[in-house]
Amino acid sequence: MADPEDGFGRAAARGGGVIESCVNHSNRTRLQVLVISTYFAPDVCGIAPIVGDLCEGLTQNGHSVTVLTSFPHYPEWKNKEQCRPWSKRTEVQPDGTEVVRHGAFIPKQPSGISGRLCYEFSMFLSLLRSLRTRGRRFDVMYVVCPSIG
């Protein structure tokens, strides 16, 4: 259990999370948050809606949120936007969340181990292009890594 005098212990005692504990409530510090998730809206299954709600809540509370994610493809495992596999596009959601979408290899049979590993590895390589932030610094990095199983 965390020391009750540190920020994490107080947040846990109130039912808050790590991101909440990073906020100095007397100053309402604006955090620069980086979220990395393979799935994000408009995908409607899996972790996508949860990550979308998290980002929306953070921006509504005054934080700056950047998401590194894939182009929509889940749960159909089809390239919904017909983008090239290594393309990259930046967009801003209505709530102010900056979303940087990355193309990756999408397997026809995601249940096969080789196709799924190729997908995961190509997504990793594609995201590497954006991890160099050109001097931009983030206070919090939140990475969502769904299981391959």
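1. In this predicted model, strand β3 is joined to strand β4 (residues 98-102) by five bridges, and the two run antiparallel. Within this pairing, K88 stands opposite H102 of β4.

2. The β3-β4 pair belongs to an open sheet of five strands, ordered β3-β4-β2-β1-β5, with mixed pairing. Its edges are formed by β3 (88-92) and β5 (140-144), each of which pairs on one side only. From one strand to the next, the twist averages 15°.

3. Two salt bridges involve E91. One is formed with R89, whose side chain meets that of E91 at 3.0 Å, N to O. R89 is partly exposed, its relative accessible area being 34%. The other is formed with R101, where the closest N and O atoms are 3.2 Å apart. This second pair links distant parts of the chain, since E91 lies in strand β3 and R101 in strand β4, 10 residues apart. R101 is buried, with a relative accessible area of 1%; the cut-off for that term is under 20%.

4. The structure has five salt bridges in total. Among them is the contact between the side chains of K80 and D43, at 3.0 Å from N to O. K80 is located in the loop between β2 (64-70) and β3, and D43 in the loop between β1 (32-37) and α3 (48-60), so the pair ties together parts that are 37 residues apart in sequence.

5. Is each partner of the K80 and D43 salt bridge buried or exposed? K80 is partly exposed, with a relative accessible area of 39%, whereas D43 is buried, at 3%.

6. On the interior space, one cavity of 30 Å³ or more is present in the structure. The largest cavity encloses about 50 Å³. Its lining consists of S70, F71, H73, N79, C83, P85, H102, G103, A104, I106 and Y119. By residue class, this lining divides into six nonpolar, five polar and no charged residues.

7. H102 connects two of the points above: this residue stands opposite K88 across the β3-β4 pairing, and H102 is also among the residues that line the largest cavity. S70, another lining residue, falls within the range of β2 (64-70).

Definitions and conventions
Residues numbered from 1 in each chain as written. Predicted model: local features only at pLDDT ≥ 70, side-chain atom pairs only at ≥ 80, totals over all residues. Heavy atoms only, no water. 1 Å grid on protein atoms, 1.4 Å probe; cavity = no way out; pocket = protein on both sides within 12 Å on 5 of 7 lines; lining within 4 Å. Points joined across faces, edges and corners; volume = space filled by probe spheres on them. Nonpolar A, V, L, I, M, F, W, Y, C, P; charged D, E, K, R; others polar. Pairing = 2+ DSSP bridges. Helix = DSSP H or I, 4+ residues; strand = E, 2+ residues; numbered from the N terminus. Axes fitted to C-alpha atoms, helices over the stretch in contact; angles between N-to-C directions. Salt bridge = Lys/Arg side-chain N within 4 Å of Asp/Glu carboxyl O. Buried < 20%, exposed > 50% of the residue type's maximum accessible area, 1.4 Å probe, protein only.
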